[in-house]
Amino acid sequence: MSSVTKYIDCPNCGSPNKCLSEYSIHSKSEYRLCYECGYTKDTRFKNTGINEENFNPYGTYTIIHQYNIEEVGGLSSENELDYLISRMQDDFNIKAIIISRYINGKIIKYDLIRQIKLKKICSKLGI
Ligand SMILES: [Zn+2]
């Protein structure tokens, strides 16, 4: 086995066992992503000297497709959320997009699709 995957307590939001840690023995690199707040750490010890850590991410997304296939990723900024929305607009196989964010010491989760539909209804009603 050349890599070790484990879940650790998040150093940003403190969620227990929600931060994925992938360590490659071969390249001596480690990648971390917290599924709750979007905290990331990218450490590559060989040659590159890359050691980046994002303690102030936008959040994470979980895309739930038909037949419950899930896709999880980090969002480093609001621009990435806008890009995600533009990419998803015409995909009718998506049932929900759960956005998870760490705001004022709490994990906040909401369904992006439901929120977009609600905004469309509100604008039609003039609210
Ligand atoms: Zn976290």
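**Exercise 1.** In this predicted model, determine in which order the strands of the open sheet are arranged and in which sense they pair.

*Solution.* Begin with the strand order, which for the 4 strands of this open sheet reads 7-6-8-9, and then note that the pairing is antiparallel. Next, look for the edges: strand 7 (70–75) and strand 9 (106–111) each pair on one side only, and these are the edge strands. Finally, follow the twist, which averages 20 degrees from one strand to the next.

**Exercise 2.** Describe how strand 6 and strand 7 pair, and find the bridge partner of Thr 62.

*Solution.* Strand 6 covers residues 59–65, and its antiparallel pairing with strand 7 extends over 6 bridges. Within this pairing, take Thr 62 and look across to strand 7, where its bridge partner is Val 72.

**Exercise 3.** Establish which strands helix 2 touches where it packs on the sheet, and how its direction relates to that of strand 9.

*Solution.* Locate helix 2 at residues 112–125, and then identify the strands that it touches, namely strand 8 (94–103) and strand 9. The direction of helix 2 makes about 60 degrees with that of strand 9.

**Exercise 4.** Characterise the contact between domain 1 and domain 2, beginning with the bounds of the two domains.

*Solution.* The domain assignment places domain 1 at 3–54 and domain 2 at 59–125, and the C-alpha centres of these domains lie 24 Å apart. Turning to the contact itself, domain 1 contributes 10 residues and domain 2 likewise contributes 10 residues. On the side of domain 1 that touches domain 2, the residues comprise 4 nonpolar, 5 polar and 1 charged.

Technical notes
Residues numbered from 1 in each chain as written. Predicted model: local features only at pLDDT ≥ 70, side-chain atom pairs only at ≥ 80, totals over all residues. Domains from an automatic or database assignment. Contact = placed C-beta atoms within 7 Å. Nonpolar A, V, L, I, M, F, W, Y, C, P; charged D, E, K, R; others polar. Pairing = 2+ DSSP bridges. Helix = DSSP H or I, 4+ residues; strand = E, 2+ residues; numbered from the N terminus. Axes fitted to C-alpha atoms, helices over the stretch in contact; angles between N-to-C directions.
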